Amino acid sequence: MSLDNIVEQINFSPLLPNDIQMQTIYNFSLRQETKVNRSSIYFNAKLHNSIIRVKQFFYDWAFPFIYADTNLIKQGKPFIIQNRVGFIGIDYKNNKALSYSVGFTTVEISVFEGDATDDELIEYLANLMVINLDLSQKSFATVSYTARYDQGKWGEDEVTRVKWFKPEIINLKNTFSETLLDYKLDSVGIGKETNEVQLLYRQKENLTDGCWISIAPLTLEQDLPKTLGRNIGTRQKWRFRLLKIPYENRKIEVYYGVQETKYPARWFWFSFDNKIIQCHIRSSVNETSSLVREILIKILFSWLV
């Protein structure tokens, strides 16, 4: 199958083997996108002392474009390729595995047979070639399967609760910022049945680091992390603390979580004027606590929420 034929059938920018790697791959499989199927790519490859399985897809059915360790059952060890954070650890089948993203493309590699070192897996991933990166420069609203077909992977979720638009289609003037530091507003979700707004920002340069913000009615409050302390969680370990931010004649209580790893994801939520505000920021090589401060300032003092 030609490269042109491959990219026409999927909604992400694949990372494909280079000429040398191509000699050791087999069982290449492509699932074409249809109205009932998301697209994906699979193939096996032989390394020195192991066989690996490579899977690629657009992870778009939860917090849009956020998770950096999609296939790991416990918190992995971070690694960096091209200023993007990936994680290596153990997957759901108890195999050594890693997860990494470029733009909208999530790559999951697992050791199917034998033994591969962390360095071998990371080197193999680093040598894959990104094809059709232009697709990742389009908006989530334009290329996401879930956004376009309004079909969640497991029924109702954050993504299908709203209808997605490119920012230029709707009037956001004097409401929400087009940029937050070096993140640009990518897509906007408007609640179908409730007065909810979701904002998806992406880091301008690597197109992979993301920031998801939800401003929703109190009726949508569910499963929010009201526990405080360290090492909360298994798949991802977090430390949560309570911030009390002065606002007019009162203090806003903000639950703020930082992932327990070298390059942490961040998550916060609080109630404000009968709304629940949530924000999830992807793991990044850049220090993102400044982004948290910027968002809190915008919400409390600038945005009309």
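This note goes through two residues in the first part of the chain, a set of paired strands, two residues with positive phi, and the pocket and cavities of a predicted model.

1. Ser-39, its place and surroundings. Ser-39 sits in the loop that links β2 (25-31) to β3 (40-46). Buried or exposed is the point to settle for a loop residue of this kind, and Ser-39 counts as buried because its relative accessibility is 3%, where the limit for that class is under 20%. Apart from neighbours within four places in sequence, the residues in contact with Ser-39 are Gln-9, Ile-10, Asn-11, Phe-12, Arg-31, Gln-32, Glu-33 and Phe-57.

2. Ser-39, its polar contact and a distance. Among the residues just named, Asn-11 has a further link to Ser-39, since the two side chains make a polar contact at 2.9 Å. For a reader who wishes to check the backbone as well, the C-alpha atom of Ser-39 is 8.9 Å from that of Gln-56, a residue 17 positions away along the chain.

3. Asn-44. This residue belongs to strand β3, the strand that follows the loop holding Ser-39. Asn-44 has a relative accessible area of 10% and is therefore classed as buried. When neighbours within four places in sequence are set aside, Asn-44 is in contact with Thr-24, Ile-25, Tyr-26, Asn-27, Ile-51, Ile-52 and Arg-53.

4. Strand β17 and its partner β16. Strand β17 covers residues 250-259 and is mostly covered itself, with seven of its ten residues buried. Strand β16 (residues 238-247) runs antiparallel to β17, and ten bridges join the two; within this pairing Arg-239 stands opposite Val-258 of β17. The two strands form a hairpin with two residues between them, and in that turn Glu-248 has a positive phi of about 50 degrees.

5. Strand β17 and its partner β18. β17 is also joined to strand β18 (residues 266-272), again in an antiparallel arrangement, here through four bridges. Val-258, which stands opposite Arg-239, also stands opposite Arg-266 in β18. β17 and β18 form a hairpin as well, with six residues between them. As background for reading such pairings, side chains in a regular strand alternate between the two faces of the sheet.

6. Two asparagines with positive phi. Asn-231 has a phi near 55 degrees, a positive value in a residue other than glycine, and its place is in strand β15 (residues 229-232). With a relative accessible area of 46%, Asn-231 is partly exposed. Asn-274 likewise has a positive phi, of about 65 degrees, although it is not a glycine, but Asn-274 lies in the loop between β18 and β19 (275-281). Asn-274 counts as exposed because its relative accessibility is 62%, where that class begins at values over 50%.

7. The largest pocket. How many residues line the largest pocket, and which of them lie nearest its centre? The lining has 27 residues, and Tyr-42, Arg-53, Lys-55, Phe-57 and Glu-108 are the ones nearest the centre. The elements that give two or more residues to this lining are β3, β4 (50-57) and β8 (105-114), with the largest share, four residues, coming from β8. The volume of the largest pocket is about 610 Å³, and its lining is made up of ten nonpolar, eight polar and nine charged residues. Two of the residues nearest the centre also appear in the points above, for Phe-57 is in contact with Ser-39 and Arg-53 is in contact with Asn-44.

8. The cavities. The model has three cavities of 30 Å³ or more. The largest cavity has a volume of about 60 Å³ and is lined by Phe-58, Tyr-59, Phe-65, Ile-66, Tyr-67, Ser-101, Gly-103, Phe-104, Thr-106 and Arg-282, which divide by class into six nonpolar, three polar and one charged. The second largest cavity holds about 50 Å³ of space, and its lining includes Ile-66, Tyr-67 and Arg-282, residues that are also listed for the largest cavity. Others that line the second largest cavity include Asp-69, Phe-87, Gln-236, Gln-259 and His-280. By class this lining has five nonpolar, four polar and two charged residues.

Conventions
Residues numbered from 1 in each chain as written. Predicted model: local features only at pLDDT ≥ 70, side-chain atom pairs only at ≥ 80, totals over all residues. Heavy atoms only, no water. Buried < 20%, exposed > 50% of the residue type's maximum accessible area, 1.4 Å probe, protein only. Contact = heavy atoms within 4.5 Å. Polar contact = N/O pair within 3.5 Å; in protein donor to acceptor, adjacent residues only side chain to side chain. Pairing = 2+ DSSP bridges. 1 Å grid on protein atoms, 1.4 Å probe; cavity = no way out; pocket = protein on both sides within 12 Å on 5 of 7 lines; lining within 4 Å. Points joined across faces, edges and corners; volume = space filled by probe spheres on them. Nonpolar A, V, L, I, M, F, W, Y, C, P; charged D, E, K, R; others polar.
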